[in-house]
Amino acid sequence: MSVKKELPPYICSYKGELLAGVDEVGRGPLAGDVVAAAVILDPAKPITGLADSKKLSEKKRELLFDEICARALSFAVARATVAEIDQMNILQASLLAMHRAVGQLPVQPEFVLVDGNKKPDWSYPCDTVIKGDGRVAAIAAASILAKVTRDREMVAMDTKFPGYGLAGHKGYPTKAHIQALQQLGPSPLHRVSFAPVRKLLADFAE
């Protein structure tokens, strides 16, 4: 049986304090915006327990969300809308959301670390970090802000667009979500450029 190797802690060449981590949440769902966050942590106000948001319980994410907002030197949350996702594709929309998040930081960074292997087209000195949300505290903080924000929005959207189960699956293509789509058809919240939604629209049109 193969054992997954843990990536080593990331060592950044930038040694100053205005280091922003940026991450996005929501590339895979069939519905909802893609949400990005950017965070500059304050070395004088350390936050314990930061980790990849996907590996934290909902309760822990909520607690850390409040702590990040209270203790970070600077933070911002931004998005690309469903319409923008359908217009430009999910990768470009994700990069746009990250670009917006960093641009909206009240305190602007001197260096940016982006989760993954793609970075927006911008003028900031920047590195990409594979699995950065588990290796860089500022990226982990950004992933938590983005996920909690998006999850809260999908819970709210469950009331506006009932029947799809959005509060449970948050728009991801679960079996229950696909079944609801087949019964109800896509809502204005659904990404028509994504294959399962596009196919359903074609089926409904016949």
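**Note on a predicted structure: loops, rings, helix α1 and cores**

1. K131 is found in the loop between β5 (126-129) and α4. The model under discussion is predicted, and every remark below should be read with that in mind. The phi angle of K131 is near 50°, which is a positive value in a residue other than glycine. This deserves a student's attention because most residues other than glycine have a negative phi. K131 is exposed, since its relative accessible area of 58% lies over the 50% cut-off.

2. A second lysine invites a similar reading. K170 lies in the loop between α5 (166-169) and α6, and its phi is near 60°, again a positive value in a residue other than glycine. Is K170 buried or exposed? Its relative accessible area is 15%, which is under the 20% cut-off, so K170 counts as buried.

3. The aromatic rings come next. How many aromatic pairs does the structure hold? There are two. In one of them, the ring centres of Y14 and F111 are 5.7 Å apart and the ring planes meet at 10°, so this pair is stacked. Y14 belongs to the segment before β1 (19-25), whereas F111 belongs to strand β4 (residues 111-115); the pair therefore ties together parts that are 97 residues apart in sequence. Y14 and F111 are both buried.

4. The other pair consists of W122 and Y124, whose ring centres are 5.1 Å apart and whose planes stand at 85°, so the arrangement is edge-to-face. W122 is buried, as is Y124. Not counting residues up to four places away in sequence, W122 touches V22, M98, H99, V102, V112 and V114.

5. Several of these names return in the nonpolar interior. The largest nonpolar core has 35 residues, and those with the most contacts inside it are V22, V102, V112 and W122. At least two residues of this core come from each of β1, β2, β3, α3 (90-103), β4, α6 (175-184) and α7 (195-205). Which element gives the most to this core? It is α3, with seven residues. Apart from this core lies another, of 26 residues, among them V25, A37, V136 and L145.

6. Helix α1 (58-71) is a useful case for learning to read one helix closely. It has 14 residues and reaches 20 Å from its first C-alpha to its last, close to the 20 Å expected at 1.5 Å a residue. Its buried residues are R61, L64, F65 and I68. Seen down the axis of α1, these residues fall within an arc of 115°, so they line one face of the helix. The general background is that an α-helix has 3.6 residues a turn, so residues three or four places apart point the same way. The face of α1 turned away from the buried side carries the exposed residues K59, L63 and A70. What do the buried residues of α1 pack against? They pack against β2, β3 (74-80) and α4 (137-160).

7. Two residues of α1 have further contacts worth recording. R152 lies over the face of F65, at 4.4 Å from the ring centre. R61 is touched by S53, which also touches S143, I144 and K147, with residues up to four places away in sequence not counted. S53 is found in the loop between β2 and α1, and at 2% relative accessibility it is buried.

8. Three further buried residues complete the note. D23 is found in strand β1 and is buried, with a relative accessible area of 4%. The C-alpha atoms of D23 and A36 are 5.6 Å apart, although 13 residues separate them along the chain. Leaving aside neighbours within four places in sequence, the contacts of D23 include V35, A36, A37, D115 and D133.

9. G26 has its place in the loop between β1 and β2 (34-40); it is buried, with a relative accessible area of 3%. Its C-alpha atom is separated by 8.0 Å from that of K147, a residue 121 places away along the chain. Neighbours within four places aside, G26 is in contact with V34, I90, R150, Y172 and R191.

10. S74 lies in strand β3 and is buried, with a relative accessible area of 3%. Residues up to four places away in sequence are again not counted: S74 touches A38, V39, I40, L105, P106 and V107.

Key: Residues numbered from 1 in each chain as written. Predicted model: local features only at pLDDT ≥ 70, side-chain atom pairs only at ≥ 80, totals over all residues. Heavy atoms only, no water. Phe/Tyr/Trp six-rings, centres within 6.5 Å; stacked < 30°, edge-to-face > 60°. Helix = DSSP H or I, 4+ residues; strand = E, 2+ residues; numbered from the N terminus. Buried < 20%, exposed > 50% of the residue type's maximum accessible area, 1.4 Å probe, protein only. Lys NZ or Arg CZ within 6 Å of the ring centre and 35° of its normal. Contact = heavy atoms within 4.5 Å. Expected span 1.5 Å × (residues − 1). Arc of directions from axis to C-beta. Core = buried A, V, L, I, M, F, W, Y, C linked by side-chain atoms within 4.5 Å.
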